[in-house]
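Here are a few notes for you to read alongside the model. I have kept them short, so you can follow each one on screen.

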Amino acid sequence: MQTTTDKLLSSTFSALADPTRRAILARLASGEASVSELARPMKMTMPAVTKHLKVLQKAGLIRQERRAQFRPCFLVAAPLEQAADWVEQYRKFWEESFNRLDDYLKVIQAQNVSESGSNDKFRK
Amino acid sequence: MINSENEKELVIARDFAAPRELVWRVWNEPAHIEKWFGPKGFRTKVRSMDFRKGGKWEYVMIGPDGLEYPFGGIYLEVDPIERVVSTDDFGEEFQERSPEMSMPKIISVTTLFEDRGEATRIVIKTIHASAEDKKKHEEMGVEEGWASSFEKIDVYLTELKG
């Protein structure tokens, strides 16, 4: 069984790696916008913006509605929350490892023991 | 602690009260690694470790319930007492065992060792890479090609929510 979460995370991070796409998401965080509204402040052509929107859509970060002619875009928050969760878990992983490393360094420095016999270097 | 001195990376750092040579060894020698690596309640075994550029490494973390979580990678750079760059690939087995702690597939991790007076600072820079990046990387054999990245994601996500 291949989980889909890792694929989702990968596509989320890839989508976020581009500054234009982050700017688009930041704009959409404050409300829906049409493609031309998104294109204007970025000084980009519509096809260029559409290309970025496709990446964001594929990553599930935005939705485009069909109801009106201008097809407004919306932000979808769930994948971003998942990415934030991952960052939090990753940080926790390293913080706990760091805590253990800190303790371990204290122990071996107190013992003045080292594996390959070059103890002298580490003696205070 | 997470900060973003470079906008393209996720950065975690910590200072340790030990000289750099010692921190380097404790960080990079299997017998030492097994003593501290991994979250609380986990044990880590170093299954293999070919500690040189292009060499492979494989760890397995063993959870409190005895379940094994294997993962590994390839060393892209080994620059003694300065830095290690490695891919970090959490394989399918890892994902299956830990759906709630799922990882993006491929990651490049740079670990820097810096003098801070009597202490040593470890800086971990994590870059996310797509499968295409990995392939490109393998074809080229060197450090270019990590196109996509975390891009200051922790700060960014907070901004979005705000």
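**Notes on the predicted model**

1. Let's start at A:L28. Beyond its neighbours within four places in sequence, A:L28 is in contact with A:A33, A:I62, A:C73, A:F74 and A:L75. Please keep in mind that this is a predicted model.

2. Where does A:L28 belong in the wider picture? A:L28 is among the residues with the most contacts inside the largest nonpolar core, together with A:L56, A:L61 and A:I62. That core has 22 residues. At least two of its residues come from each of these elements of chain A: helix 1 (5-16), helix 2 (19-29), helix 3 (35-42), helix 4 (46-58), strand 2 (73-75) and helix 5 (78-111). Another core, of 16 residues, lies apart from it and includes B:I12, B:A18, B:I33 and B:I122.

3. Now for the general layout. Chain A has 5 helices and 2 strands, in the order α-α-α-α-β-β-α along the sequence. Of its 124 residues, 27% are buried. If you take the contacts in chain A between residues at least 6 apart in sequence, 49% of them link residues at least 24 apart.

4. Helix 5 of chain A deserves a look of its own. With 34 residues, helix 5 reaches 50 Å from first C-alpha to last, close to the 50 Å expected at 1.5 Å a residue. Its buried residues are A:P79, A:L80, A:A83, A:W86, A:Y90, A:S97, A:L101 and A:L105.

5. One backbone detail to finish: just after helix 5 of chain A, A:N112 has a positive phi of about 60°.

Note on methods: Residues are numbered from 1 along each chain as its sequence is written. Chains are lettered from A and ligands numbered from 1 in the order in which they are written. This is a predicted model: local features need pLDDT of at least 70, side-chain atom pairs count only at pLDDT 80 or more; totals for chains, interfaces and linings use all residues. Helices (H or I, at least four residues) and strands (E, at least two) are DSSP runs, numbered from the N terminus. A residue is buried if 20 or more other C-beta atoms lie within 10 Å of its own, exposed if 12 or fewer, and partly exposed in between; C-beta atoms are placed from the backbone. Two residues are in contact if their C-beta atoms, placed from the backbone, lie within 7 Å. A nonpolar core is a set of buried Ala, Val, Leu, Ile, Met, Phe, Trp, Tyr and Cys residues joined through C-beta atoms within 7 Å. The expected span of a helix is 1.5 Å times one less than its number of residues.
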